[in-house]
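Look at the model below and keep it open while you read. This report moves from one loop residue to the cores, then to charged pairs and a surface patch.

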Amino acid sequence: MDSKSKIGLAGLGVTGVGLTLSYLFRKKIWERAFSLPPATYQVKVDHHVRLLTPDGVELATDVYRPKSNRPLPTILMRTPYGRSGTMGQPMAFISNRFAERGYNVVCQDVRGIHDSGGKFEPFVTEKMDGQATLDWIEAQPWSDGNVGMWGPSYLGYVQYAAAASGSPQLKALVPLVTQSNMVDLADNGHALDTILRWMYIIDAMSAPGLPMWQRVRRVMQSDVQNKALAPGFAHLPLNTADEVVLGKKVPFFQEWVEHFRHEDDAYFQIVDMKPAIAEMTQAVHFIGGWYDLFLPGLLQDYALLAAAGKRPFLTIYNWGHYDLAKQAGTMREALAWFDVHLKGNQNGLPDKPVQLYVMGAEAWRAFEAWPPPSQERAYYLQGAGHFDKLSDRPDRPGGRLSPLNPPVNDAPDHYRYDPADPTPNVGGALLSTDAGAVDNRELEARSDVLVFTSPPLLAPLTIIGAVRAILYVQSSSQFTDFFARLCVVDENGRSLNLCDGLLRLEPGKGEPQPDGSLRVEIDMAATAYQFQPGQCIRLQVSSGAHPRIGRNLGTGEPILTSTRMVVQAQTLFHDGKRPSALILPVVE
């Protein structure tokens with residue numbers, strides 16, 4: 001045997017020993033990776049349990065049970081993304097980790113997808129099916145009558161739906177990166193990227209005959225998704241975008257299109273769980289991310305529950321919606337929550353219920369409530385907001401942000417928004433791995449984007465809470481958008497986005513001014529960031545963020561069926577009588 005063969009065999013031997021040791025010590029490895037308490041139970045799994053709903057539909061369910069001689073509390077997870085198989089491996093992994101620590105785990109495909117029967121109508125039957133599953137759990141001899149739920153996104157929405165059913169055995173919830181009314185986000189095609197991307201992901205997960213490697217690429221790789229979705233993003237009318245992307249009509253997309261035509265449609269009232277929040281009796285720990293698309297809704301849900309006299313917990317990380325591995329890491333917080341509220345442990349939770357990761361400082365801060373006490377500070381827009389080339393001087397391009405009132409005669413800025421060449425979105429709150437903070441300089445060099453930048457800061461400045469922009473604007477169309485984005489400009493000139501928001505204008509919106517302009521206020525969502533000395537604060541103003549937000553065609557015609565586009569001439573005022581400003585929540 002030659003030396004290369006010996007080295008090859010030795011390498012295989014080392015690899016084999018490594019894999020064997022990894023398998024034998026896998027529980028310890030997972031405990032360290034996710035900071036979990038030690039596993040205390042062996043686990044038995046009952047696969048392919050068929051749970052029958054009152055209307056005769058079978059829901060495919062896996063049950064993970066700790067080997068115990070006594071009933072134990074249960075964690076319920078209901079998912080449209082697969083409970084088993086290759087796509088369901090994350091659910092199987094998480095289910096085992098919970099079960100090893102003394103919880104029965106019921107993991108279920110929602111109605112109409114994967115192995116469950118019935119028709120897949122997103123959100124519509126989750127309240128009914130959640131209640132049926134809770135009733136089934138209560139009847140099992142291994143259940144002690146205490147149930148909690150955990151999960152992100154759709155798995156978070158189904159928690160609200162189950163809680164709205166009023167089932168008394170549901171005691172604790174841990175909803176991640178979600179909100180109680182998904183329609184708020186998707187209304188009338190505003191969240192174009194989210195709607196089409198989710199449709200594409202659901203199809204990739206459930207389409208028959210698709211090779212597994214293609215499923216994984218379509219679900220996980222944003223570049224693959226972006227290429228497939230680009231024709232749909234560019235297509236008009238929006239109501240046939242499903243056919244452009246997938247080559248077929250998607251029943252639930254067409255159902256949404258039909259009901260979006262009508263104000264206050266009963267179809268969407270059924271899936272809105274927000275009215276039930278004040279009556280929720282469960283202990284709730286909300287977990288979100290500063291770059292998650294559902295953060296505004298999650299914070300509203302927290303506020304509603306707190307206003308009802310409850311004491312919800314709130315934890316916000318520095319991630320986006322697709323940071324799946326980091327979301328799995330919240331098993332640690334979930335176990336602590338369930339140990340207290342399902343097992344009756346008396347400690348293990350932070351003293352203060354609100355835990356916020358402060359970006360920039362790269363540190364956690366704890367508060368009694370959201371939003372924490374802050375002082376609003378205005379930074380006024382001044383000077384010409386355009387710049388046409390990238391600059392090595394972050395304090396110079398475009399206009400200025402200043403705590404001083406603007407000059408009385410500061411000239412306004414003008415730009416044209418053309419929906420045929422819409423202002424693009426970069427980074428931010430997306431349903432993909434492209435979410436988060438990215439360099440905005442190429443975007444800011446466009447002629448349809450205005451920028452206003454502070455001088456370099458001399459001392460740290462911490463903001464935590466909701467960010468707003470008050471703008472005085474005028475448009476050639478009554479139907480138009482204004483988009484505002486907060487960025488930090490670092491010492492190298494990179495402009496990194498922190499949070500943003502868009503206001504869709506139509507007749508009756510905005511506060512009319514004597515000169516014909518409108519005073520508008522843009523909710524730019526929330527953030528927690530500590531600006532460092534030498535960094536600058538920057539505000540972008542534009543009229544779009546396509547395709548994250550569907551472009552405003554400027555006509556006032558129904559957005560889902562319209563194809564006619566009108567260029568919109570925009571004016572932004574920032575003078576003594578019309579003091580446009582960025583409003584930041586400054587904390588000590």
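Does Gln-513 count as buried or exposed? This is a predicted model, and the answer comes from its atoms. Gln-513 has 18% relative accessibility. Buried means under 20% relative accessible area. Gln-513 therefore counts as buried.

Where does this residue sit? Gln-513 lies in a loop. Strand S18 (511-512) comes on one side of that loop, and strand S19 (518-531) on the other. Leave aside the neighbours within four places in sequence, and Gln-513 is in contact with Tyr-472, Leu-518 and Arg-519.

**The nonpolar cores**

Now turn to the inside. The largest nonpolar core has 150 residues. Six of its members touch the most other members: Phe-98, Trp-290, Phe-338, Leu-486, Ile-537 and Leu-582. Helix H7 (residues 192-206) supplies the largest share of this core, with 10 residues. Another core, of 6 residues, lies apart from it. Among its members are Ile-470, Phe-573, Ala-581 and Ile-583.

Take Leu-486 as one example from the largest core. Which residues is Leu-486 in contact with, leaving aside its neighbours within four places in sequence? The list includes Ile-463, Val-467, Leu-496, Leu-498 and Met-524. Ile-537 and Leu-582 are also in contact with Leu-486. So the list holds names you have already met: Ile-537 and Leu-582 are, like Leu-486, among the residues that touch the most other core members. Asn-497, Cys-499, Arg-538 and Leu-584 are on the contact list too.

**Salt bridges**

How many salt bridges does a search of the whole structure find? It finds 30. The table gives three of them.

| Side chains | N to O distance |
|---|---|
| Asp-115 and Arg-83 | 2.9 Å |
| Asp-481 and Arg-504 | 2.7 Å |
| Arg-564 and Glu-557 | 2.8 Å |

Start with Asp-115 and Arg-83, whose side chains meet in a salt bridge. The pair links distant parts of the chain, 32 residues apart. Asp-115 is in the loop between strand S4 (104-109) and helix H4 (126-138). Arg-83 is in the loop between strand S3 (72-79) and helix H3 (89-99). The partners differ in cover: Asp-115 is partly exposed at 38% relative accessibility, whereas Arg-83 is buried at 1%.

Next come Asp-481 and Arg-504, which also meet in a salt bridge. Asp-481 lies in strand S16 (residues 480-489) and Arg-504 in strand S17 (residues 495-505), so the pair ties together parts that are 23 residues apart in sequence. Asp-481 is buried, with a relative accessible area of 1%. Arg-504 counts as buried too, at 13%.

The third pair is Arg-564 and Glu-557. Arg-564 is partly exposed, with a relative accessible area of 44%. Glu-557 is partly exposed as well, at 34%.

Salt bridges can share partners. Asp-62, Arg-83, Asp-109 and Asp-115 are joined in this way into one network.

**A nonpolar patch on the surface**

Finally, look at the outside. Met-212, Val-216, Met-220 and Leu-324 form a nonpolar patch on the surface. Together they have about 290 Å² of accessible area. Which helix gives the most to this patch? Helix H8 (residues 212-220) does, with 3 residues. Met-220 has its place in helix H8. Why can Met-220 belong to a patch? Patch members need over 30% relative accessible area. Met-220 has 35%, so it is partly exposed.

Terms used
Residues numbered from 1 in each chain as written. Predicted model: local features only at pLDDT ≥ 70, side-chain atom pairs only at ≥ 80, totals over all residues. Heavy atoms only, no water. Patch = residues over 30% accessible without salt bridge, like charges linked within 9 Å, V, L, I, M, F, W, Y side chains within 5 Å. Areas by Shrake-Rupley, 256 points an atom, 1.4 Å probe, with all protein chains shown as cover. Salt bridge = Lys/Arg side-chain N within 4 Å of Asp/Glu carboxyl O. Helix = DSSP H or I, 4+ residues; strand = E, 2+ residues; numbered from the N terminus. Buried < 20%, exposed > 50% of the residue type's maximum accessible area, 1.4 Å probe, protein only. Core = buried A, V, L, I, M, F, W, Y, C linked by side-chain atoms within 4.5 Å. Contact = heavy atoms within 4.5 Å.
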